[in-house]
Amino acid sequence: MRTAKSIEGAPPRVAPELLLRLYREMLRLRTLDERMMTLQRQGRVGFYGACTGQEASTIASAAALEPGDWIFPALREGGAMLLRGFPLVPYLCQIFGNAGDETKGRQMPSHMASKSVNQVSWSSCIGSQLPQAVGAAMAARIKGDKTVVAAYMGDGATSSADFHVAMNFAGVFKPPVVFVCQNNHWAISIPTQKQTASESIAVKAVAYGFEGIKVDGNDAEAVYGAVKAAVDRARAGQGPTLVECETYRIGAHSSSDDPTRYRDEREVEIWRKRDPIEAFRTRLVAAGLWTEAKDEELREKLAGEVNEAIAEAEKKPDPPRETLFEDVYSSPPWFLREEREEMLAVPKARRPGAAQ
Amino acid sequence: MAELTYRDAVAAGIAQEMARDESVVFLGEDIGAAGGVFKTTLGLLERFGPRRVRDTPISEQAIIGAAMGAAMTGLRPIAEIMFSDFFAVCWDMIANEIAKTRYMTAGQIALPLVIRTANGYGSRFGAQHSQSVENWAMAIPGLKVVAPSTPLDVKGLLAAAVRDPDPVIFFEHKGLYSTKGEVPDGEIVDRLGTAKVVRQGEDVTIVALAAMVPKSLQAAERLAAEDGISATVVDVRSLVPLDTKTIFEEVRKTGRLYTVEENPRLCGWGAEIASLVAEECFYDLDGPIVRITTPHVPLPAADLLEDNAVPTVDRIVETVRRNAG
Ligand SMILES: Cc1ncc(C[n+]2csc(CCOP(=O)(O)OP(=O)(O)O)c2C)c(N)n1
Ligand SMILES: [Mg+2]
């Protein structure tokens, strides 16, 4: 019987420039998440989902893709868009749900997406993205192009039916898809051992007829190495892989959640000591690639960039209310045009506290 | 008499039934240790234990399928689907299996179960987390459908749903969870299939459900103050069976009907009531029946867009004023 592989220790060699880029992006994401959680507490944004503690898994896995590859994310991969060059201000505008949001305030905060970087929105329904990602990968095969598709999920998503049907399709059709599971030990209040009785997430791939690999998801080099190898195999026509990144959700599930009800703070403390950013910095400094002085400088620069972008994003007005009738269909049918007129005939409803 | 929130009334209703009947069990995602993502189920795990209160993996088909299997063999499960939007994930179990089992087995198998879910707008959670899908459930023969608007009705209708021999879909409204109301102490059991007249007027009848009930009441106050229009407001409460007796009576008294519904316009429950009233009360009507609904759009997330998409008090007032004047 085949079992899932576990990669530990000796990660593949990664070029120093790339290592530094990964580090900078991870730190930017941490800075952004911290600021946005503060803004949420101040009531300046309604909802936020951070990926604190999971930056290595998010950034290093996405960095293993080519720009033309597609990302079908789960909850914690919004930051991959920034790595792929999406500008910070419209990214933030999505969270504010204002007129600067490319997606017009339609989606729940933290569900950013843009075709410009081949990244779709995460589905609010857990798991739905997985069969879609498989389909996108099958399409690449049918069209004969070299695109690879990354299909992300949390540990909790592996209980969804969509996970199982997607895995089965991937095993049967062998399209160029790489499943990346961020096993952060929790799905809201449910710990992973109550989510599945399998010995790992990676092992599930074996039953579907392809390889599952488990890596230390807090080790950026290891994540990059494992996902890069899987992406290369997929691009070479050697089929799908499931990469399980073992990491930890340091914060609450989202700004709506209070984990103290169900989670022992001592467990969080253990994982704080395995912080992916701290570990990475120590390693970079030890390797002579980075210094504490440079780190200080970078942190200041990132904080400045993030604050500036927030200030700019926050200035944007609400999306005009009539826009809510656009994009339901390719053009609004008569009944939507009528309903639009009906709505515009009455005063605009104002949320409490909003300026007139 | 105690003042309870709508949210606390959910836990109170479940607790009342679990304490009364050992066969009542409760399953769903994050309902135990976390007390529900909307804090509607606080204390139930502690009180009734993990044998009867089960936190499950993220498997809606299995939650509903398991509830069905358990109901077939003698338990009375309450299953929670965290957001009503996720009905789409387990619709096979609900629409093809649960709804039709009594019929297809010629009554040999009953499914006394309740599916509770958080429905509706108000959290700025967007198109996949904020829908009002009561009309989906209404369209399937075999399901009873309830959607309370007050803490008292939550507790009483939940108890009635648990005791009912048929599957009941119980729509709680997210936007109402923090609202408060008086709930008498002691056992409360309401009756399914009954509407409530929550404001008696003379000129027009407004029929509303769930979060649209308080909005309609506010609109009625404004119509009285600003236009001298006296409105009756009926809280439908139960879509299946529908209390047409109460609705027809109230429409006959005023000769005018307005329905206020949160679901998108096409095939909303208002259309069903409008057609029934047109058939049964045609000669009592003094003007056209008017439906006030969310437009036929997926619900957007941004505050301003969400607030303007669903019927506003202004839109209700304006529509009644224009047509009744
Ligand atoms: C079909 C469906 N069921 C339930 C939910 C509610 N929900 C949102 S996130 C979540 C937990 C997801 O856990 P996991 O997949 O491990 O991702 P993580 O949040 O840990 O990144 C749940 C249950 C949902 N969004 N969709
Ligand atoms: Mg998780």
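This is a short viewer tour of a predicted model with two chains, A and B.

**Stop 1: all of chain A**

Select chain A and zoom out until the whole chain fits on your screen. Its secondary structure adds up to 13 helices and eight strands. Along the principal axes, its C-alpha atoms fill a box of roughly 70 × 50 × 40 Å. How does its radius of gyration fit with that of a compact globule? A compact globule of 356 residues would come out near 21 Å, and chain A has 21 Å, so the two agree. Of those 356 residues, 48% are buried. Now think about who touches whom: if you take the contacts in chain A with a separation of 6 or more, 74% of them are between residues 24 or more positions apart.

**Stop 2: helix α5 of chain A**

Next, select residues 129–143 of chain A, which make up helix α5. Helix α5(A) has 15 residues and stretches 21 Å from its first C-alpha to its last, close to the 21 Å expected at 1.5 Å a residue. Show the side chains and color the buried ones: A:Gln129, A:Leu130, A:Pro131, A:Ala133, A:Val134, A:Ala136, A:Ala137 and A:Ala140. Here's a handy bit of background for reading that list. An α-helix has 3.6 residues a turn, so residues three or four places apart point the same way.

What do the buried residues of α5(A) pack against? Bring up β2 (70–72), β3 (149–154), α6 (161–173) and β4 (177–183) of chain A, and you have the answer. Before you leave, step just past the end of α5(A) to A:Gly144, which takes a positive phi of about 75°.

**Stop 3: a single alanine**

Now click on A:Ala56, which sits in helix α2 (residues 55–63) of chain A. Is A:Ala56 buried or exposed? A residue is called buried once 20 or more other C-beta atoms lie within 10 Å of its own. A:Ala56 has 28 C-beta neighbours inside 10 Å, so it counts as buried.

Leave out the neighbours within four places in sequence and see who remains in contact with A:Ala56: A:Met26, A:Gly217, A:Asn218, A:Asp219, A:Ala220, A:Val223, A:Pro276 and A:Phe280. Want to try your distance tool? Draw a line from the C-alpha of A:Ala56 to that of A:Asp155: these residues are 99 apart along the chain, and their C-alpha atoms are separated by 16 Å.

**Stop 4: a pair of strands in chain A**

Select residues 211–216 of chain A for strand β7. Five of its six residues are buried, so β7(A) is largely enclosed by the rest of the structure. Then add strand β8 (residues 241–246) of chain A, which pairs with β7(A) in the parallel sense over six bridges. To find one of the matches, look for A:Glu211, whose bridge partner in β8(A) is A:Thr241.

**Stop 5: where the chains meet**

Show both chains in separate colors. Here 41 residues of chain A are in contact with 37 residues of chain B. On the chain A side, α7 (192–195) and α13 (334–344) each supply at least two residues, and the largest share, four residues, comes from α13(A). Color that side by class and you get 22 nonpolar, eleven polar and eight charged residues.

**Stop 6: all of chain B**

Hide chain A for now. Chain B has twelve helices and 14 strands, and its C-alpha trace spans about 60 × 40 × 40 Å along its principal axes. A compact globule of 325 residues would have a radius of gyration near 20 Å; chain B has 19 Å, which agrees. Buried residues make up 61% of chain B.

**Stop 7: the sheet in chain B**

Look for seven strands forming an open sheet in chain B, in the order β3-β2-β4-β5-β7-β6-β12, with mixed pairing. Which strands are at the edges? They are β3 (53–55) and β12 (238–240) of chain B, each pairing on one side only. From one strand to the next, the twist averages 20°.

Inside the sheet, select β6 (residues 144–146) and β7 (residues 168–173) of chain B, which run parallel and are joined by three bridges. B:Val145 stands opposite B:Ile169 in β7(B).

Finish with two helices. Helix α2 (residues 44–52) of chain B packs on the sheet, touching β2 (24–28) and β3 of chain B, at about 80° to the direction of β3(B). Helix α7 (residues 151–163) of chain B lies across β2, β4 (76–83), β5 (114–119), β6 and β7 of chain B, and runs at about 160° to β7(B).

Notes:
Residues are numbered from 1 along each chain as its sequence is written. Chains are lettered from A and ligands numbered from 1 in the order in which they are written. The expected span of a helix is 1.5 Å times one less than its number of residues. A residue is buried if 20 or more other C-beta atoms lie within 10 Å of its own, exposed if 12 or fewer, and partly exposed in between; C-beta atoms are placed from the backbone. Two residues are in contact if their C-beta atoms, placed from the backbone, lie within 7 Å. Two strands pair if DSSP finds at least two bridges between them. Axes are lines fitted to C-alpha atoms, for helices over the stretch in contact, and angles run from 0 to 180 degrees between N-to-C directions. The radius of gyration is taken over C-alpha atoms; the globule rule is 2.2 Å times the number of residues to the power 0.38. Ala, Val, Leu, Ile, Met, Phe, Trp, Tyr, Cys and Pro count as nonpolar, Asp, Glu, Lys and Arg as charged, and the others, Gly among them, as polar.
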